[in-house]
Amino acid sequence: MSKIIGTEEKGGVVIISTEGYLNKDLAIAVMEEATKYIDNGTTNILINLSKSNIVNSIGASIIIELIEKLQEVNGSLSFCELPSIIEKTFKIMGLTKYCDTYENQEAALEQLT
Amino acid sequence: MSEANPTVELKLPIIENMELVATQTSEVVSKHMDLSEEKTSEISMALIEACINAFEHSETKSEIYIHFIISDERLTIKVIDKGKGFDTSNVKIPNIEKKLKSNERKRGWGILLIKELMDSVDFESSTDGTTLTMVKNKINNE
Amino acid sequence: MSGYIGQFSYLTKLSTLTKKLEFIRQQTGFESLGVAYYTKKTFLKHIGGLEFIAPQPIQRDIGLEDLFELSINKFNKLGFNETLKNNKNFKVILKNLYLDEEPIGYIFLKTERELQTNSENKTESILYLAEHFDGFINSKHSEYKSKQQSRILSNKLLEIESLIDLTEIIYNQNDNIEGLFENILFTFISTLNASSGMIVLKDEKSGFFNVISIFNIPEQDSSRKIIRASKGILKELNTNMTSVLVEEVKKYELLKFAEKNSLVGPLISENDLRGAIIIANKESISGINRYTKEDLRLFDSLTKKVSLAYENIKLIDSLKNSTKLVDNIMSSITTGIIKIDVLGEIEYVNDSAEKVFGFNTEEVLHNHYMAIFIENNDLISLIEKIETDPKVVYENNFKIKDLNSEDREINLTLSPVFDENNEFSGLVLAFEDLSNVNKIKSTFKKYVSENIVDELLNTEQSLELGGGKNKVCMLFCDIRGFTAMSERMNPEDVVSLLNNYFQAMIDVVFENNGTLDKIIGDELMVLYGVPIESENDPQKAVNTAKEMFVKLEEFNRNNSSKGYPEIKVGIGINYGEVISGNIGSDRQMNYTVIGDNVNLAARLCSHAKPGQIVISKSVFESLDDKSGFKSMNPIELKGKSKKVQNWIFDAKN
């Protein structure tokens, strides 16, 4: 149903793109993928949600844990192409304070690299 | 209870991700009522959280029920589970720390989100089950 | 006794004692003079006598020097229980030193072998010196104690001053939480000589903690780190709920800015961690110092105060909200409520009260009731009565005049209010506006006789206005030849005549507890048995019919003098099961009956000649008084296969 459609690295930033419902399973998959890179020294992760249309609070809370994990290594999590309902949900849950959001991947990479 | 309001009734089996079936319905109903894209997605989000909550309350039961009541002024959605209910006076905005101690990391967010995304939220809970009623007005009141 | 030992260990650090010893050595020439103190780890029992001498080899092992510390092991090894006099070995003369009558150490002097003969002198010297030293130590100790006291006092003073500062800050806060906490942080920092600090507060919605004020900590991304009570220093605070002095500052993310140690205190509300105050880097002339236990004590009392104040602020906020809630509830109830205080001034008025009396809360608040109720003398008297004799008073259908001088009726309850000393402190008026009820009643009474209305309102019987099957007696009354009659008259006269006629007829109907169903043109339809069935509905119907003719005669007589034509009517009555209910649509609805039996009643009526009452079998059989009714030939009616039996009463007779 929903999955990670791609992971790439550009200029030290790891971009994880997802597709579909950002539920617990997908969030865990993202977390695991990100952890692999974090363990290898990556500190900047960008999640591209352009193909994900909706999230639930469980998925979002796992993303919060990812943010904390990155903060422990003085890194950061960013988002690009957030559908507005996902952005709204993140805002209500308070996590937008802790990460940056960008219009699109290019803008994000410009800032992060 | 006006008989005049058309109602769509869904019986949803408690299977992971089934809430998406409910959102499909809510999207169509929402468009039928000419609600904006923004309101439609807010309803979907709130409905997802309501379904997840209902799934949790249901324990051994195998389905939950969703009623979409369409009126001229608003869309009323009732999410009904037949679980054992809970003490509605205890529903607080999340206190994650206490909840995080267990593996239930998701608890509490649902209700906050529903309250923020919908115009009104009500709970009724008894030993026969819980009904969550949420309303999205067609016209903004504020 | 053990408590004493450690207390005096500071003496070892007193440089003045060392200097004193030096001085004495010089003066006496006793180069080997030394002083030893018991520390916490030493044996605390009072050893043997006042004087003792330790054997030389032991001394060598220990290496007795000036002001050295004796551990338990060494002490035991010394074996001071034994005194070895006349030991040919190298000797030491020791004398215990006392402070507040407790032994705290000893003064000792090595003796020279050669000067054995002078050991007596030496002993004397030692005793003398010991006494001198005792005195010296005692005075030093008093000095020390008084310094301690004054330090405690000045700390207390500092504490009080800071508390006063804090109190002022908190009382002066005006909804600016950020400004408030900035001031609070400054107070902490200046009171405790910190050079850096921050205060974090929990965001009610997300559950994360936000940095609300910060002082001299490099921003970095401290504002963007997720701070939760489930980890780090906040987890400790959350578990213990008390202020702590943290030494391992490097272990905690939030305390990374601290150089030595840090003071961290919890802000608690409703047994929940709502925030934390963190300060570190105590400044002094010599640079950054560690915080002490005393600092912790002061910090803790300040933190507790802030915690309490914050809880109060939130309580006040929620109280404001619940006052709003109370207001909301008050405004939604339909009972009017007016509270009058002990001086007779209006203290509180709710929305419904405003509506009934027609006044505005702002206008009446704090005004005396005599002024407000100036047109309501009865009400004023009632209130006065209660003021002198406080008890609860009920008044039903109490008449009042509102501010527009319009009459209203209310059901009123006046209750006196008492304070905690059981003294009269005012009264509460609670009332229901009956105007609406009265309106409904009067409207309803237009359709149904008053008695029925009252009966309905009094019984618990629910008005089954929905469809139902009932046994009903129907009376139809037609004016014979009306059309012809009306053609000869002015329209106004026709209407006027008709209305007067109906007035008269309906009076009769109501007197017999009939229900007026409808008036169609000149036809009158009356029901008996709905909405409430009674004992003998058919009898009532027949009585009505008979009385109608009587009344009609009178009516006609009065009218003929005015030149109006005579009205002639025919009446038909049937009794049987019908379907009753509100029939029509949302916009036009009537409570009426339908069914075959209704049609039959109408047909019987059209069959009646002027002055006749035609009744069916079912009516006839129910009558108590059958007199005057003659049985007639069964008539053939459209749509009925069987001919219908009927009885006729001729009013002309």
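A residue counts as buried here when its relative accessible area is under 20%. In this predicted model, that cut-off picks out a long list of positions in helix α16 (residues 491–511) of chain C: V494(C), L497(C), L498(C), Y501(C), F502(C), A504(C), M505(C), I506(C), V508(C), V509(C) and F510(C). An α-helix has 3.6 residues a turn, so residues three or four places apart point the same way. Helix α16(C) has 21 residues and spans 30 Å from its first C-alpha to its last, close to the 30 Å expected at 1.5 Å a residue. Just after the helix comes N513(C), with a positive phi of about 60 degrees.

The chain around this helix holds 19 helices and 24 strands. Of the 653 residues in chain C, 44% count as buried. Among the contacts in chain C with a separation of 6 or more, 61% join residues 24 or more positions apart.

Strand β12 (residues 336–341) offers a closer look at the interior of chain C, through I338(C). I338(C) counts as buried because its relative accessibility is 0%, against a cut-off of 20%. Leaving out residues up to four places away in sequence, I338(C) touches I346(C), Y348(C), V349(C), A353(C), F357(C), F359(C) and F373(C), and also L427(C), V428(C), L429(C) and F431(C). E354(C) is 16 residues from I338(C) in sequence, and the two C-alpha atoms are 9.2 Å apart in space.

Chain A meets chain C at Q71(A), among other places to look: apart from neighbours within four places in sequence, this residue contacts R224(C), K225(C) and I226(C), together with Y98(A) of its own chain. Q71(A) belongs to helix α2 (residues 57–72) of chain A. With a relative accessible area of 9%, Q71(A) falls below the 20% cut-off and is therefore buried.

Attention now turns to the nonpolar cores. In soluble globular proteins, nonpolar side chains tend to be buried together. The largest nonpolar core has 68 residues, and the members that touch the most others are F79(A), I66(B) and M134(B). Helix α2 (residues 37–58) of chain B is the main contributor to this core, giving ten residues. Beyond its neighbours within four places in sequence, I66(B) is in contact with V8(B), E9(B), L10(B), L12(B) and A22(B), as well as L47(B), C51(B), I77(B), K78(B) and V79(B). A second, separate core has 42 residues, including M485(C), V569(C), I571(C) and F620(C).

Chain B itself contains four helices and five strands, arranged along the sequence as β-α-α-β-β-α-α-β-β. Buried residues account for 48% of its 142 residues. In chain B, residues 24 or more positions apart supply 65% of the contacts with a separation of 6 or more.

The last feature is the enclosed space. Rolling a probe the size of a water molecule over the atoms shows where empty space is left. Across the whole structure there are four cavities of 30 Å³ or more, and the largest cavity encloses about 60 Å³. The lining of the largest cavity is made up of A50(B), N53(B), A54(B), H57(B), V79(B), D81(B), F123(B), T130(B) and L132(B). Two or more of these lining residues come from each of α2, β3 (74–81) and β5 (129–137) of chain B, with α2(B) giving the most, at four. Sorted by class, the lining has five nonpolar, three polar and one charged residues. V79(B) thus appears twice in this account, as a lining residue of the largest cavity and as a contact of I66(B).

Terms used. Residues are numbered from 1 along each chain as its sequence is written. Chains are lettered from A and ligands numbered from 1 in the order in which they are written. This is a predicted model: local features need pLDDT of at least 70, side-chain atom pairs count only at pLDDT 80 or more; totals for chains, interfaces and linings use all residues. Side-chain values use heavy atoms; hydrogens and water are left out. A nonpolar core is a set of buried Ala, Val, Leu, Ile, Met, Phe, Trp, Tyr and Cys residues joined through side-chain atoms within 4.5 Å. Buried means under 20% relative accessible area, exposed over 50%, partly exposed in between (1.4 Å probe, protein chains only). Contact means heavy atoms within 4.5 Å. On a 1 Å grid over the protein atoms alone, a cavity is a set of points where a 1.4 Å probe fits but cannot get out, and a pocket is an open set with protein on both sides within 12 Å along at least five of seven lines; lining residues have an atom within 4 Å of a point. Grid points are joined across faces, edges and corners, and a volume is the space filled by probe spheres set on the points. Ala, Val, Leu, Ile, Met, Phe, Trp, Tyr, Cys and Pro count as nonpolar, Asp, Glu, Lys and Arg as charged, and the others, Gly among them, as polar. The expected span of a helix is 1.5 Å times one less than its number of residues.
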